[in-house]
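Biologist: Could you take me through this structure one step at a time, so that a first-year student can follow the reasoning?

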Amino acid sequence: MTLQKRSRSAAGAAGGKQTSGHTKRRRLEQAPTGSDEPDKFESHRKIVSSQDEKKWQDYNQHNHQSPFPDFVRPTHEECEQAHRILEDLHGDKVRENFASDVDSVKYPHVMDAVVVAALSQATSWENAKRAMRNMDLVYGSTFAYDSIVQGGEEKLRQALRPGGMQNRKAVILLGILEQVKQRHGEFDLDFLFDADDDEVMRELLRYKGIGPKCAHCVMSICLKRTTFALDVHCHRIAGFWGWRPASASRDEAQAHLDDRIPDSLKFPLHYLLIVHGRECPNCKGSGNRPSECSALQAIRAATKDGFTQ
């Protein structure tokens, strides 16, 4: 698989379900009523709904523009040189680690992509794959949602144990499944193939445990939208390389880089920066000499005065 430019088209991936605009709108705005009996959890749901709306409002402050309009880095030339240099350094490693796993053919349904994104949070992709392989053994599939819910939290914790962080991830995964079932009556989010980017983000951010980074990964990999997903490595390197203000929060940095990085480079740079953040002794989490990074030195040498105005 080639890590290349993604289209902003809202068309679904092959195999994804398609719905009409009328159906899409209804499903985005309405949750199933379930029964005529009073809902004893209604007050709790209102609190959760308020928290979900706050997540969207926080994200939407800088959704379509950089929060730092006067901060001109990274320039397009810097991004192009960074892609060229990092591809030479880490391209083979990216393809070895990710190429067969970030293909939408493998995860053609949005619900499945959300689960994969949730399981890969705050851990390595290898750990996430260990957890999913064990879920395949325990449930027959990582995506056997009825069996997962019926099995309960303890069974899921044990299934997730090989990947680590099983207590936290079991709670997150069961919570997402419960919310999706409550909102839509089934474990199906494929109507998002027909939704625009704002509708997709607003829907995904409703789910506890899903933040902007996970949502952007779902949009990029499964929905084929052109967006830059900011993980911890990308955020750290952007700070080291002067690609964001030092005080920028994760959400602010994501909005800034999504605005500054050319569309054609957003998808490949995401993965190249992840691998560089793991491999470079000066840019990894324990590194303390980012100015000695060979990639950064090469980028500076290739661009005028260290970067292009």
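Modeller: In this predicted model, Ala-131, Asn-134, Met-135, Val-138 and Tyr-139 of α5 are in contact with Ser-147, Ile-148, Lys-155, Leu-156, Gln-158, Ala-159 and Leu-160 of α6.

Biologist: Which class, nonpolar, polar or charged, has eight residues in the contact of α5 with α6?

Modeller: The contact of α5 with α6 includes three polar residues and one charged residue. The class with eight residues there is nonpolar.

Biologist: Is α5 parallel or oblique to α6?

Modeller: Two packed helices are described by the angle between their axes and by the distance between those axes. Here α5, residues 125-139, and α6, residues 145-160, have axes 11 Å apart and pack at an angle of about 135°. Because angles over 145 degrees count as roughly antiparallel and 65 to 115 as roughly perpendicular, with the rest above 35 taken as oblique, α5 is to α6 oblique.

Biologist: Is the crossing of α5 and α6 left-handed or right-handed?

Modeller: The handedness describes how α5 and α6 cross. For this pair of helices, the crossing is right-handed.

Biologist: Which element gives the most residues to the lining of the second largest pocket?

Modeller: The second largest pocket holds about 690 Å³ of space, and among its 33 lining residues Ser-120, Gln-121, Lys-213, Cys-217 and Asp-231 are the closest to its centre. Two or more lining residues come from each of α4 (110-119), α9 (212-221), α10 (232-240), α11 (250-260) and α12 (263-279). With six residues, the element that gives the most is α9.

Biologist: How many residues of that pocket's lining are nonpolar?

Modeller: The lining of the second largest pocket also has eight polar and seven charged residues. Its nonpolar residues number 18.

Methods
Residues are numbered from 1 along each chain as its sequence is written. This is a predicted model: local features need pLDDT of at least 70, side-chain atom pairs count only at pLDDT 80 or more; totals for chains, interfaces and linings use all residues. Side-chain values use heavy atoms; hydrogens and water are left out. Axes are lines fitted to C-alpha atoms, for helices over the stretch in contact, and angles run from 0 to 180 degrees between N-to-C directions. Helices (H or I, at least four residues) and strands (E, at least two) are DSSP runs, numbered from the N terminus. A crossing is left-handed if the near helix is turned anticlockwise from the far one by less than a right angle, and right-handed if clockwise. Contact means heavy atoms within 4.5 Å. Ala, Val, Leu, Ile, Met, Phe, Trp, Tyr, Cys and Pro count as nonpolar, Asp, Glu, Lys and Arg as charged, and the others, Gly among them, as polar. On a 1 Å grid over the protein atoms alone, a cavity is a set of points where a 1.4 Å probe fits but cannot get out, and a pocket is an open set with protein on both sides within 12 Å along at least five of seven lines; lining residues have an atom within 4 Å of a point. Grid points are joined across faces, edges and corners, and a volume is the space filled by probe spheres set on the points.
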